[in-house]
Amino acid sequence: MMQAAGFAVSRLQDVPGMAVMRTVAMLINETAEAVNHGVCSAEAADLAMLKGVSYPRGPLAWADAIGPEAIARVLLNLSTWYGEDRYRLSTLLRRRAASGERLSVSHA
């Protein structure tokens, strides 16, 4: 139906994390890691992605909308399934998921 309507269709295997959630979770994780290492503030990271690449929201605000706990769970599941280090949780994301604090607000 979608092809008949002129849309390009790509078949994806049913794998953990699927395409969008895996990408969003990894983007959030890398952004949290940059903030944790003092590369930028949470506000600056969100603003850069919002204005610089026209994301619908900054990655850390996106994390807060989804829930840091849910993002952490996705990454932990991906890490367990694939056994790859690239799904290792950022320390900041791990702390915020455990405490229930938001990611999009920097804490000094």
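**View 1. Met-2 is partly exposed, with a relative accessible area of 43%.** In this predicted model, Met-2 belongs to the segment that comes before helix H1. Its value of 43% is neither under 20%, as a buried residue would require, nor over 50%, as an exposed one would, and therefore Met-2 is placed in the class in between. Met-2 also takes part in a nonpolar surface patch of about 490 Å², which is made by Met-1, Met-2, Phe-7 and Val-9.

**View 2. Asn-29 is a buried residue of helix H1.** Helix H1 covers residues 19–36, and Asn-29 is found within that range. The relative accessible area of Asn-29 is 4%, and because buried means under 20%, this residue is counted as buried. What does Asn-29 contact, once its neighbours within four places in sequence are left aside? The residues in contact with Asn-29 are then Leu-75, Arg-88, Leu-89, Ser-90 and Leu-93.

**View 3. Val-53 sits in a loop between two helices.** The loop that holds Val-53 lies between helix H2, which spans residues 42–52, and helix H3, which spans residues 59–66. Is Val-53 buried, exposed or partly exposed? With a relative accessible area of 45%, Val-53 is partly exposed, because this value falls between the limits of 20% and 50%. When Val-53 is viewed together with Arg-11, the two residues are 42 residues apart in sequence, while their C-alpha atoms are 27 Å apart in space.

**View 4. The whole protein chain has five helices and zero strands.** Read from the N terminus on, the elements follow one another as α-α-α-α-α, and the C-alpha atoms fill a box of roughly 55 × 35 × 20 Å, taken along the principal axes. Of the 108 residues in the chain, 32% count as buried, and Asn-29, shown in the second view, is a buried residue. Among the contacts between residues at least 6 apart in sequence, 63% join residues that are at least 24 apart.

**View 5. The surface and the charges of the protein chain complete the picture.** The accessible surface of the chain comes to about 6,900 Å², and 57% of this surface belongs to carbon and sulfur atoms. How far apart are the mean positions of the positive and negative charges? The chain has 11 positive and 10 negative charges, and the mean positions of these two groups are 3 Å apart.

Definitions and conventions: Residues are numbered from 1 along each chain as its sequence is written. This is a predicted model: local features need pLDDT of at least 70, side-chain atom pairs count only at pLDDT 80 or more; totals for chains, interfaces and linings use all residues. Side-chain values use heavy atoms; hydrogens and water are left out. Helices (H or I, at least four residues) and strands (E, at least two) are DSSP runs, numbered from the N terminus. Buried means under 20% relative accessible area, exposed over 50%, partly exposed in between (1.4 Å probe, protein chains only). Contact means heavy atoms within 4.5 Å. Patches are made of residues with over 30% relative accessible area and no salt bridge: like charges are joined within 9 Å, nonpolar side chains (Val, Leu, Ile, Met, Phe, Trp, Tyr) within 5 Å. Accessible areas come from the Shrake-Rupley method with a 1.4 Å probe; for residues, only the protein chains shown count as cover. A salt bridge is a side-chain nitrogen of Lys or Arg within 4 Å of a carboxyl oxygen of Asp or Glu. Lys and Arg count as positive and Asp and Glu as negative; His and the chain ends are not counted. The place of a charge is taken as NZ of Lys, CZ of Arg, CG of Asp or CD of Glu.
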